[in-house]
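Please read the model below alongside this explanation, which goes from the chains as wholes to particular helices and the residues that bring them together.

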Amino acid sequence: MSRRKCAVLKKPYELTQSQKMMVFILSMSLYGLSNMFTELVPSAQLGVIELKIDAFAFIPLTLCMLFHPLYAAIGASVGELIFGELMLGQFGGIGEVEKFILFSLGMCIGGMLVRNPQIKSQVAIGAISGYGIFLVLATIVDILKVVVGVEEFEAVPGLAKSIFVVEGVEFLNDFVFSGTLFTLLPTLYLVPRLYGKIEPLLGMKPRDNKVHYSLTKVFTPKLIAISLVLTAIAFVTQAISESDFELGVWEPEFVETYGSQVIWVVIGVSAFCSLMIIGYLLRKGKEAKGDTNHLA
Amino acid sequence: MSWLEISKFLNEKLSLEYVKNELVKTAYGTEENLLTKLDPRVLLIWYCYFAIVPWFIHSHVVLIGYLLFMLFLTYRAKVSPLILGVMGLGLLGEMLILFIISLLFGGDLETVLPMVWLCIKLGGISLASVAVFTSINPEKFSDALLRLGFPAQFSFSVAYAYRILPTLLEEFQQIILSYRLRGLAPEKSGLFYWRKIVYFLIVFIRSFYPLILNSAKRSRTTVEALETKGFTYGANNLQMIKLKTGYLKLTYNDYAFTMISIFYLIIVHALHYVL
C-alpha cells in the first residue's frame with residue numbers, strides 16, 4: 001500500500017486531456033471577465049502619474065499556482081484576447097501576438113516558481129516576479145513599437161526622451177500600483193484559501209510539494225519552434241519598417257516616366273468599377289427586397 | 001442643462017447596468033448591417049490586411065484614406081457609443097500626455113505632429129477592428145476560425161466566451177450585491193471618495209473567491225458535455241470540420257466587397273502620387 005502511494009507521488013504532475021481543457025476554460029472565462037472591467041474602468045490622473053488598473057493579474061497567477069501553469073497561462077491570454085479585445089472590438093493586430101506571448105510567459109514563470117502553494121513567501125515571490133517579468137518585457141516592446149511607428153524618431157527633438165519617460169513612469173506606476181494592490185495582495189488572499197478546495201471540483205488532486213513538472217514535456221520542441229518563429233516575424237517586421245521600405249511608395253520614378261495623367265486614369269477606372277459594383281449591389285438588394293415583399 | 005440633469009445623465013451612462021447592457025449588445029451585435037452579410041472568412045482576411053499593413057505606411061494621404069474608409073464602415077456597423085468613447089478618450093489622452101511631457105523637454109507643436117499621424121494610423125486600425133468584430137456573429141466567427149485551421153480549443157473558446165458572458169456578468173453582479181448587503185459601507189466618502197473606492201475594490205476582489213469556485217464547477221460540466229459529444233475526436237477529424245462548416249459559402253456580396261476594397265485601395269495609393 002505504502003509503496004503504491006510512493007509510486008503515485010513520484011509521478012510527474014500531469015493532467016488528462018479533459019483536465020487540461022477544464023483548467024484552460026476556467027482561466028479563460030475568469031481572466032476574460034476581469035479584463036473587460038480593466039478595459040472599461042477609467043483611470044485617475046494625478047499629474048504625470050496615472051492611477052490605472054493595468055490588469056487583474058492575480059487571477060491567472062492564482063490559477064497558475066494551483067494548477068498546471070502552462071494551460072492556465074495560455075487560457076488567461078486567450079481570455080484576454082477574446083473578451084477584452086475581440087468582443088470589445090479593440091483588437092490591436094501584431095501587438096496582440098506579442099502581448100499574448102509575453103503575458104503567458106510571465107504568468108507561467110510565476111506559477112512555476114511556486115513549489116508549495118501553502119507557503120506564503122513562495123506565493124508572494126511567484127506573484128511579484130511573474131508580473132514583473134511580464135511588465136519589463138512589455139515596456140521594452142512598447143518603446144520599440146513607438147520607435148517603429150513614428151517616422152524620423154531620432155530627428156524630432158524631445159520625442160525620444162519623452163517616450164522613455166512616459167514608458168518608464170508607466171512601468172513604475174503599473175508595478176507599484178497594480179503590482180501590489182491587484183497582484184500581490186489578492187494572490188496572497190486567494191491561493192491558500194482555494195488550495196485543496198478548488199481541485200476536487202475539477203476532479204483532480206491538489207498539487208503538493210513533492211510534485212514536479214518535467215520541463216521537457218512543458219516546453220515541447222513544437223512550442224519552442226512556434227515562439228521562435230513568432231519572435232523572428234516580429235523582429236523582421238520591425239527591421240523592415242525601420243528601414244526606408246514603404247508599401248505606399250514602392251516606385252518613385254513611376255510618376256516621372258508616365259506623367260500624372262496615367263494615375264488619374266487609374267483612379268478614374270477604379271472609381272468607375274467600384275460605382276458599377278455598388279450600382280449592381282443596390283439593384284440586387286432591391287430585387288431581394290421585392291422578392292420578400294412578394295412572398296409576404 | 002442644469003448640474004442636476006448632467007449628473008443624472010452621467011449616472012445613467014456610467015452605471016453598471018448600462019455598461020453590462022452595452023457589453024452584451026456589442027458582443028451579440030447581430031443587427032443586420034453591411035458587414036454581417038459577408039462570409040466571416042472574408043472579413044477575417046480583410047481585417048488581417050487592415051490590421052497589419054497600415055503599420056508600414058507613412059504616407060499621409062494613404063493614412064487619411066484608410067481612416068475615412070474605416071469611419072464609413074464603423075458608421076454603417078452601428079458601433080456602440082460606449083466603445084467608441086473609450087477608444088477616443090484613450091487616443092486623445094495619450095496624445096495630450098505626450099504633448100505636455102515633450103513641452104517639458106523643450107519640444108513644441110512640431111514634436112507632437114508625428115504623434116498625430118501615429119494616432120490617425122492607430123485610429124484607422126482600431127476602427128477596423130471595432131467595425132469587424134461588432135458585426136461578426138460569434139457562431140460563424142468560431143466556425144470560420146475552425147475552417148481556417150485554428151486549433152479547435154481556440155475556436156471553441158470564442159463561441160463559449162460569447163455564450164457564457166451574460167451568465168458570468170449576472171453571477172458576478174449578484175455576488176457583489178450580496179457582499180454589499182452583508183458588509184458595511186463606509187459612512188464618509190473621504191477625500192476624492194477614496195474610502196468608497198477602497199471599499200468597492202475590496203468587495204470586487206473578494207467576489208472573485210466564490211466566482212472562481214462556481215466557474216470551476218461550470219467548466220467541469222462544460223468539458224464533460226463536450227466530451228460526451230466527442231469534442232476531442234471531432235476536432236482532430238478533417239471530414240467532421242468540413243461537414244460542420246459546410247454552410248460557409250462565398251456569395252456575390254463577398255466578391256463585390258472584396259473588389260470594392262481593392263479598388264478603393266488602388267485609388268488611395270494612386271492619390272498618393274498625385275497629391
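The paragraphs that follow take up the overall make-up of the two chains, then helix packing in each, and then one enclosed helix.

It should be kept in mind throughout that this is a predicted model. Chain A has a secondary structure of 12 helices and two strands, and when its elements are read along the sequence they run α-α-β-β-α-α-α-α-α-α-α-α-α-α, whereas chain B has 12 helices and zero strands, giving the pattern α-α-α-α-α-α-α-α-α-α-α-α. In chain A, 32% of the 296 residues count as buried, and in chain B buried residues make up 31% of the 275 residues. If one considers the contacts with a separation of 6 or more, residues 24 or more positions apart account for 76% of them in chain A and for 78% of them in chain B.

Chain B is further divided into two parts: domain 1 takes in 16-136 together with 252-275, while domain 2 covers 151-244. The C-alpha centres of domain 1 and domain 2 of chain B lie 30 Å apart.

A helix pair in chain A serves as a starting point for the packing. Helix α2 of chain A, residues 17-40, packs with helix α4 of chain A, residues 69-87, at an angle of about 40°, and their axes are 6 Å apart. That angle makes α2(A) oblique to α4(A), and the crossing in which α2(A) passes α4(A) is right-handed. Sorted by class, the residues of the contact of α2(A) with α4(A) comprise 14 nonpolar, seven polar and three charged.

Chain B offers another pair, formed by helix α4 (residues 60-77) and helix α12 (residues 252-274), whose axes come within 8 Å and cross at roughly 150°. Because angles over 145 degrees count as roughly antiparallel, α4(B) and α12(B) are described as roughly antiparallel to each other. The passage of α4(B) across α12(B) is a right-handed crossing. On the side of α4(B) the contact is made by Val61(B), Val62(B), Gly65(B), Tyr66(B) and Phe69(B), and on the side of α12(B) by Tyr264(B), Val268(B), His269(B), Leu271(B) and His272(B). These contact residues of α4(B) and α12(B) divide into seven nonpolar, three polar and no charged.

Leu265(B) also has its place in helix α12 of chain B. The C-alpha atoms of Leu265(B) and Phe69(B) are separated by 9.6 Å, although these residues are 196 residues apart along the chain. Is Leu265(B) buried or partly exposed? With 18 C-beta neighbours inside 10 Å, Leu265(B) counts as partly exposed, since a buried residue needs 20 or more such neighbours.

The last stop is helix α7 of chain B, residues 138-147, where eight of the 10 residues are buried, so that this helix is largely enclosed by the rest of the structure. The buried residues of α7(B) are Pro138(B), Lys140(B), Phe141(B), Ser142(B), Asp143(B), Ala144(B), Leu145(B) and Leu146(B). What covers them includes three helices of chain B, namely α3 (40-52), α8 (152-182) and α11 (238-244). Just after α7(B), Gly149(B) takes a positive phi of about 95°.

Technical notes: Residues are numbered from 1 along each chain as its sequence is written. Chains are lettered from A and ligands numbered from 1 in the order in which they are written. This is a predicted model: local features need pLDDT of at least 70, side-chain atom pairs count only at pLDDT 80 or more; totals for chains, interfaces and linings use all residues. Axes are lines fitted to C-alpha atoms, for helices over the stretch in contact, and angles run from 0 to 180 degrees between N-to-C directions. Helices (H or I, at least four residues) and strands (E, at least two) are DSSP runs, numbered from the N terminus. Angles under 35 degrees count as roughly parallel, over 145 as roughly antiparallel, 65 to 115 as roughly perpendicular and the rest as oblique. A crossing is left-handed if the near helix is turned anticlockwise from the far one by less than a right angle, and right-handed if clockwise. Two residues are in contact if their C-beta atoms, placed from the backbone, lie within 7 Å. Ala, Val, Leu, Ile, Met, Phe, Trp, Tyr, Cys and Pro count as nonpolar, Asp, Glu, Lys and Arg as charged, and the others, Gly among them, as polar. Domain bounds come from an automatic or database domain assignment. A residue is buried if 20 or more other C-beta atoms lie within 10 Å of its own, exposed if 12 or fewer, and partly exposed in between; C-beta atoms are placed from the backbone.
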